Amino acid sequence: MTEAVLRTENLTKRFGGLTAVDNLSLNLPGRRLHAIIGPNGAGKTTFFNLVSGLLAADSGRVFFQGRDITGLKPHEVSRLGIKRTMQIKSVFPQLSVAENLWVTRHATKRVLHPFRAASSDLETRERVEHTLEQIGLTALAQRPAGTLSYGDVALLEIGMAVISEPRLLLLDEPTCGMSPAETERAVAKIKQLARTIDIVIIEHDMSVVFEIADDITVMAQGGILASGNPDEISGDERVREAYLGRPEDEDYVEEAIHA
Amino acid sequence: MMTPAVIARVMLIAFGAFLVAVPWLIPVILNKFWVSVIAEIMIWSLFAASVNLLFGYIGLLSFGQALYFGFGMYGVAIGVATLGLSFWPAFGLGIVASIAIALVSGIFAVRLTWHYFAIITVVFSLIFYFFAVSVKPLTGGDDGINFALPPTFSIGGVTGSFSDANFQYFFILATVALCFFLMHRVIRSPLGKAFVAIRDNDVRAALIGLNVYQLRLIAFVMAGFLAGVAGALFAFFGRYASASYMFYHVSGEAVVWAIVGGAGTLFGPVVGTTLFIVIREIVSTHWEHHAFIVGAVAILVVIFAPKGLVGLWNAELARWSERTNDASVKTKLRTEP
Ligand SMILES: Nc1ncnc2c1ncn2[C@@H]1O[C@H](COP(=O)(O)OP(=O)(O)OP(=O)(O)O)[C@@H](O)[C@H]1O
Ligand SMILES: [Mg+2]
């Protein structure tokens, strides 16, 4: 087994009386596409927030490629190459689509030049154009991101993750709100990315999960309910039980099994 | 082809030509008094630009910029009157003093955002206001410091003095224009784009790797610099410094000027400042309650042009150019066989 790309030790986060992430010890080996699933409120997003530095853990540690990153600030985590998308889509609404990509590409540079015109940076401009093509938003390049449809914003977020050349990508329900056609495009993109980048994806759409994941971790009430490959997970009694309260997901599991 | 960019350039050149012609043009069509009003407008525009850099570009609403204006003023006044410095060292002292105090207060202030930030900036300026009023030997207290005209100085062989009204006017024009040019460069640079990204969405900005705290501090110090230069110029212009210019209503006025003119646009502060100072000069001689008009104009603009007057102008220009573009496309289509 390759060295873990992401590892946690007894990670815990409480909100008042609620323990959102409960003594979580995870070990995600590299070069595989990991999916995290689990019912609403299981603590999946909170786990991402702890890794990316948006929240500070109450106890426990996080390791990225063997390096302890517990307690680092979001921009420090980002600069190590861990990029994420948000469950509630989050871009720069008043900047154009192209500028969103541009500023994301530039953000990791050590020094931001205070006087040279941004538009004179040809290398970045080419990268932006290339990425726009990849995510299929070339026609909307000059539109303010705040005026895009929800699905296009989600695609833009993926584009922003891609253009920053991450080493580890955390995707929080990337296809939520997308049309079937957009979902297909996004899934294809994610699959392609997974060949070169380590990816952890939180996803409710079980057809997507079973299509792309190498490994699945099922979370419930802040802890790990089960983990394994898609076959093992779809056959797991406890997983089916955890989803019993949510008939729509039950259907997905059924579909995925019989697919 | 009259694109919005071409129109903007033409207007800028015309505006520049007008400002250069002011010392000869204005005494003919109005009177000499208005030349110094225009000089004053330029200084206050620079001060409003410092509010704009923070609010319009990185999203921090400061109600305390008068503090840095005041330090620029006192740096010059104390430099000339107490330390006996000549022109440039006194000017430099004013700017360095305002940058230094902006750095020190910024280290605390930019940890906060929104109303917490606004409040802490007011608190800082109040603390120093009362401090300046109380240390009378240094600051002259309520009376301020009057100082004799700064010594004559020379730039590259040309000697000049603020006692020469034209020289004074052009010195102010050149300094303010240089500051606006620097701000223009910053806005278009990678640093400026990072500012705007933080204004738009600071969580996302941190997630893409921007050090939000550090960048806010940089913007805060830059804004302190702009306010400090304005204060230093104003000290030379009025030959005095007074704690009353550090009071927060001075800061508040600049906020109104910047927002009404158009926060987040380079020339918004110039438009807003010009509008209100002209209103003040015209109305206050006839009617003591000119603040009513100021308030009414401010409210109307905020309601009908939330992006300020320059924002409104830009939007109209964009609409107009889109319409003419559509029209030309249509004509082309029609002429096709
Ligand atoms: N900032 C916060 N303050 C207080 N409670 C929170 C906060 N963030 C999350 N929670 C709570 O922690 C629990 C876990 O939330 P989390 O968002 O991690 O769940 P999730 O697994 O991502 O769910 P979903 O599938 O709905 O996105 C929930 O009960 C939620 O209400
Ligand atoms: Mg979630």
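Colleague: In this predicted model, in which helix of chain B is the place of B:Leu12?
Modeller: Happy to start there! The model is a predicted one, and B:Leu12 belongs to a helix that covers residues 4-29 of chain B. That element is helix H1 of chain B.

Colleague: Is B:Leu12 buried, partly exposed or exposed?
Modeller: Its relative accessibility is 46%. Buried would need a value under 20% and exposed one over 50%, so B:Leu12 falls in between and counts as partly exposed.

Colleague: B:Leu12 is in a nonpolar patch on the surface; what is the accessible area of the patch together?
Modeller: Good one to look at in the structure. B:Leu12 joins B:Phe15, B:Phe18, B:Leu25, B:Val28, B:Ile29, B:Leu30 and B:Phe267 in this patch. Together these residues have an accessible area of about 730 Å².

Colleague: Now B:Ile78: is this residue buried or exposed?
Modeller: B:Ile78 sits in helix H3 of chain B, residues 66-82. Its relative accessible area is 15%. The cut-off for buried is under 20%, so B:Ile78 is buried.

Colleague: Leaving aside neighbours within four places in sequence, which residues is B:Ile78 in contact with?
Modeller: Setting those sequence neighbours aside, you can look for its partners elsewhere in chain B. They are B:Leu83, B:Leu138 and B:Ile145.

Colleague: How do chains B and A meet, and how many salt bridges count between them?
Modeller: Let's build up the picture. The contact takes 24 residues from chain B and 32 residues from chain A. About 2400 Å² is buried between the two chains, 63% of it on carbon and sulfur atoms. As for salt bridges between chain B and chain A, the count is two.

Colleague: Which three residues supply 28% of the area that chain B buries against chain A?
Modeller: No other three residues of chain B supply more of that buried area. The trio is B:Arg204, B:Leu207 and B:Ile208.

Colleague: Which side chain of chain A meets B:Lys193 in a salt bridge?
Modeller: Follow the side chain of B:Lys193 to its partner in chain A. The N to O distance is 3.1 Å. The partner is A:Glu99.

Colleague: Which protein donors does the magnesium ion (ligand 2) have?
Modeller: Two protein atoms serve as donors, OG1 of a threonine and OE1 of a glutamine, lying 1.9 to 2.0 Å from the ion. The pair links distant parts of the chain, 42 residues apart: one is in helix H1 of chain A, the other in the loop between strand E7 and helix H3. They are A:Thr45 and A:Gln87.

Colleague: How many of the nine residues of H1(A) are buried?
Modeller: A:Thr45 is partly exposed, at 23% relative accessibility. The buried residues of this helix include A:Phe47, A:Phe48 and A:Leu50. H1(A) is mostly covered, and the number of buried residues is eight.

Colleague: A:Glu173 has a positive phi although it is not a glycine; about how many degrees is it?
Modeller: Most residues other than glycine have a negative phi, so a positive one is worth a look. A:Glu173 is placed in the loop between strand E8 and helix H6 of chain A, and it is buried at 6% relative accessibility. Its phi is about 50 degrees.

Colleague: Where is A:Asn10, whose phi is also positive, near 45 degrees?
Modeller: A:Asn10 is partly exposed, with a relative accessible area of 41%. It is found within residues 4-15 of chain A, in strand E1.

Key:
Residues are numbered from 1 along each chain as its sequence is written. Chains are lettered from A and ligands numbered from 1 in the order in which they are written. This is a predicted model: local features need pLDDT of at least 70, side-chain atom pairs count only at pLDDT 80 or more; totals for chains, interfaces and linings use all residues. Side-chain values use heavy atoms; hydrogens and water are left out. Donors are N, O and S atoms within 2.8 Å of the metal (3.2 Å for Na, K and Ca); water is not among the atoms, so sites may look incomplete. Helices (H or I, at least four residues) and strands (E, at least two) are DSSP runs, numbered from the N terminus. Buried means under 20% relative accessible area, exposed over 50%, partly exposed in between (1.4 Å probe, protein chains only). Patches are made of residues with over 30% relative accessible area and no salt bridge: like charges are joined within 9 Å, nonpolar side chains (Val, Leu, Ile, Met, Phe, Trp, Tyr) within 5 Å. Accessible areas come from the Shrake-Rupley method with a 1.4 Å probe; for residues, only the protein chains shown count as cover. A salt bridge is a side-chain nitrogen of Lys or Arg within 4 Å of a carboxyl oxygen of Asp or Glu. Contact means heavy atoms within 4.5 Å. Buried area is the accessible area (1.4 Å probe) that two parts lose on being put together, summed over both.
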